[in-house]
Amino acid sequence: MTPDTAPPNEHPDIEIDLGSEQATVDPALFEEAPAEPPFARTVHTTPLHIVTSAESRTNRWTDWNGYTVPEVLTDLGDEYRALRGAAALADHSPLVKYRIFGRDALDYLQRLVTRDLAALEVDTAVHVVFCEGRGLVLGDGLLFRLGEEEYRLVTEETHLAWMMDSAEGFRVGIADVSATLALLSLQGPLSALCLHEAGVANIDGLAPFAARWAEIARMPVYVSRTGASGDLGYELWADAEDAPHLWRHLMEKGAPHGLRATGFALRELARLEAGFPRAGKDYLSALAAVARAGASTPFELWRNPPVASGKAVFNGGRALRSLAPVPPRRRLVVLVADAIEPVSLSSVLSGTRQVGTVTTSGFSPALGANIAFAMVKDEAADGELALTATLREGLGAREVVLRARILPEPAWNAARRLVLPAPLKP
């Protein structure tokens, strides 16, 4: 309680002379503040929360890495049409971002990840995987080389403790910059046009997985041609204090071309259509798996995993070299189910035997069908498969079995994603 909130006459015997240096001090100033009630606590927000909340018409929020982000801002169907037909802007700041720097940064990363980084140039990025000693995946992410001795690793989950332990003996610094670095994802066929209208010169000349500094509305922004939408797209890395102004500028310049603000649900649907598995959702880190059977090798998760078996020494290298020629015991595949309406998918069947489990599912507008990531036993992957599904009927539900097949290619993989120069016209 403070003097301005104290009830009148609470201390009637105390006279306070404001003009006297020897005046009696109000005891209310020394009272302990009451414990904050749970309902008064604020949510953990990203630097873009102020602008995404202003865009929200649904008040639908979700948790992503401890941050509160919009699940759907307007309507998922409208947001999807913007992504595939024009451009979509989203807040991906909750992704974990590490700065890795120092004279041994490259040597340290060569030991950390399975890919050979010797040819990685400044202002380029590659997909990397990191494993423990048995060749089981701890995580994956996108690695940028920002300078001769400076890198940025972007992951879905936090790995700081393990990375610090792995740095012993290397002259390298590791810093978690997630809270100070905002990430705006601009994806879709007109994303290059939106950046051009926003003032980024020669954006069409930026190659896939390349990056460069640009000035947008007098703000320095690191622009990379990356993203997990399966289409042409860019990611913009900006200081936290600049991020809201950058968002507003992009929306102002891109709105005439169909740019829309989008939420987390669209991100999940887009990566499912593009065939990008997510750590913690489609596979468990080897450190999080309760048993070894719950962890996976790179050969189980990716069709062509970035594993350089010829690299001298790296975490899990010996185990991976022995696993490479052996067919994996199971595979993460994308299944499409015979259903013309959204359903909830769960198990994978071969006949009446369960041979796999669905990890992520959704209704793909591109295919007009339900699709799902599923971990399937390898011996059953080439046979006839089915999916158990829950079909809602009014207020009730019933279990059904749907025929399913493995998609040989992603549901969405636009050629313009890798074309150079990037298209600037609809």
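Here's a quick tour of one helix, two nonpolar cores and a pocket. Keep in mind that this is a predicted model. Helix α6 is a good place to start, since α6 gives the largest nonpolar core its largest share, 5 residues.

**Helix α6**
- α6 runs over residues 243-254, and its end C-alpha atoms sit 16 Å apart.
- That agrees with expectation, because 12 residues at 1.5 Å a residue should span 16 Å.
- The buried residues in α6 are A243, P244, L246, W247, H249, L250, M251 and G254.
- As a reminder, an α-helix has 3.6 residues a turn, so residues three or four places apart point the same way.

**Nonpolar cores**
- The largest core has 33 residues, and the ones touching the most other members are L184, L195, V223, Y234, L236 and L246.
- Two or more residues apiece come from the strands β3 (87-91), β9 (181-187), β10 (211-216), β11 (219-224), β12 (233-239) and β13 (259-261), along with the helices α5 (191-197) and α6.
- α6 tops that list with its 5 residues.
- Another core, with 26 residues, lies apart from this one and includes Y108, L143, Y151 and L153.

**The second largest pocket**
- This pocket's volume comes to about 230 Å³.
- It's lined by 14 residues, with L76, L269, S361, G362 and F363 the closest to the centre.
- At least two lining residues each come from α2 (76-85), α7 (264-274) and β16 (353-364).
- By type, the lining splits into 6 nonpolar, 4 polar and 4 charged residues.

Definitions and conventions
Residues are numbered from 1 along each chain as its sequence is written. This is a predicted model: local features need pLDDT of at least 70, side-chain atom pairs count only at pLDDT 80 or more; totals for chains, interfaces and linings use all residues. Side-chain values use heavy atoms; hydrogens and water are left out. Helices (H or I, at least four residues) and strands (E, at least two) are DSSP runs, numbered from the N terminus. The expected span of a helix is 1.5 Å times one less than its number of residues. Buried means under 20% relative accessible area, exposed over 50%, partly exposed in between (1.4 Å probe, protein chains only). A nonpolar core is a set of buried Ala, Val, Leu, Ile, Met, Phe, Trp, Tyr and Cys residues joined through side-chain atoms within 4.5 Å. On a 1 Å grid over the protein atoms alone, a cavity is a set of points where a 1.4 Å probe fits but cannot get out, and a pocket is an open set with protein on both sides within 12 Å along at least five of seven lines; lining residues have an atom within 4 Å of a point. Grid points are joined across faces, edges and corners, and a volume is the space filled by probe spheres set on the points. Ala, Val, Leu, Ile, Met, Phe, Trp, Tyr, Cys and Pro count as nonpolar, Asp, Glu, Lys and Arg as charged, and the others, Gly among them, as polar.
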